[in-house]
Amino acid sequence: MGDLSKNFNRSEFACKGKNCCGHSAAVHPDLVDALQALRDRIGKPLSITSGFRCNRHNKAVGGAEQSFHTLGMAADVSCPAGVSPEQLAVIAEEIPLFREGGIGVYASWVHLDVRRSGKARWRS
């Protein structure tokens with residue numbers, strides 16, 4: 001059981017930076033709700049490879065200056081066994097908060113965010 005939702009713990013979203021914020025974990029409730037809905041739909045655990053990033057860590061990893069990770073509104077999710085990034089993105093499109101937010105498809109993971117400024121889609 002998670003402390004944020006049925007399957008997610010705050011620690012999964014903690015900043016992974018070194019010598020920066022002390023592993024803060026700001027997480028927007030909409031992100032947790034949308035990720036839980038996605039996890040429920042696919043019926044498999046989701047692994048958060050990058051959740052919250054403090055500004056210093058975001059800069060160190062080459063994140064966008066106005067990254068939604070710095071607001072606790074984005075997560076990079078590795079694909080569970082048997083699910084391709086493209087398949088995960090298609091299922092994420094079924095979740096209104098992701099459909100209206102941002103979805104980025106990469107080689108082995110998917111960026112998901114709950115931005116309110118209009119949808120953004122991209123492929124790496």
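Visitor: Hello! Which residues of helix 1 are buried?

Guide: Welcome! The buried residues of helix 1 are Asp 30, Leu 31, Val 32, Ala 34, Leu 35, Gln 36, Leu 38, Arg 39 and Ile 42. Buried means under 20% relative accessible area, exposed over 50%, and partly exposed in between (1.4 Å probe, protein chains only). Helices (H or I, at least four residues) and strands (E, at least two) are DSSP runs, numbered from the N terminus. Before we go on, please note that this is a predicted model, in which local features need pLDDT of at least 70 and side-chain atom pairs count only at pLDDT 80 or more, while totals for chains, interfaces and linings use all residues. Residues are numbered from 1 along each chain as its sequence is written, and side-chain values use heavy atoms, with hydrogens and water left out.

Visitor: What covers the buried residues of helix 1?

Guide: To read a cover, look for contact, which means heavy atoms within 4.5 Å. Here the cover includes strand 1 (47–50), strand 2 (74–78), helix 3 (85–92), helix 4 (96–99) and strand 4 (109–113).

Visitor: Which residues does Val 32 contact, leaving aside its neighbours within four places in sequence?

Guide: Val 32 belongs to helix 1, and it counts as buried because its relative accessible area is 5%. Beyond its sequence neighbours, Val 32 is in contact with Leu 4, Ser 5 and Val 27. You can also check a distance: Val 32 and Gly 51 are 19 residues apart in sequence, and their C-alpha atoms are 11 Å apart in space.

Visitor: How do I check the span of helix 1?

Guide: The expected span of a helix is 1.5 Å times one less than its number of residues. Helix 1 (residues 29–42) has 14 residues, so it should span 20 Å, and its end C-alpha atoms are indeed 20 Å apart. There is a handy rule for the faces, too: an α-helix has 3.6 residues a turn, so residues three or four places apart point the same way. Just after helix 1 comes Gly 43, with a positive phi of about 70°.

Visitor: Which residues other than glycine have a positive phi?

Guide: Asn 19 is one of them, with phi of about 55°, and His 23 is another, with phi near 65°. Asn 19 lies in the segment before helix 1, and so does His 23. Asn 19 counts as exposed because its relative accessibility is 68%, whereas His 23, at 47% relative accessible area, is partly exposed.

Visitor: How do helix 1 and helix 3 cross?

Guide: Start with the axes, which are lines fitted to C-alpha atoms, for helices over the stretch in contact, with angles running from 0 to 180 degrees between N-to-C directions. The axes of helix 1 and helix 3 come within 10 Å and cross at roughly 115°. Leu 38, Arg 41 and Ile 42 in helix 1 meet Leu 88, Ile 91 and Ala 92 in helix 3. By class, that contact has five nonpolar residues, no polar ones and one charged one. For these classes, Ala, Val, Leu, Ile, Met, Phe, Trp, Tyr, Cys and Pro count as nonpolar, Asp, Glu, Lys and Arg as charged, and the others, Gly among them, as polar.

Visitor: Is Val 114 buried or exposed?

Guide: Val 114 counts as buried because its relative accessibility is 0%. Its place is in the loop between strand 4 and strand 5 (120–123). Not counting residues up to four places away in sequence, Val 114 touches Asp 30, Leu 31, Ala 34, Met 73, Leu 97 and Phe 98.

Visitor: Where does Ile 48 lie?

Guide: Ile 48 lies in strand 1, and it counts as buried because its relative accessibility is 7%. Ile 48 and Asp 76 are 28 residues apart along the chain, yet their C-alpha atoms are separated by 5.8 Å. With residues up to four places away left out, Ile 48 touches several others, including Phe 8, Leu 35, Ala 75 and Val 77.

Visitor: What does Asn 7 touch?

Guide: Asn 7 is found in the segment before helix 1, and at 27% relative accessibility it counts as partly exposed. Setting aside residues up to four places away in sequence, Asn 7 touches Gly 2, Glu 12, Gln 36, Arg 39 and Asp 40. The C-alpha atoms of Asn 7 and Arg 39 are 8.2 Å apart, although 32 residues separate the two in sequence.
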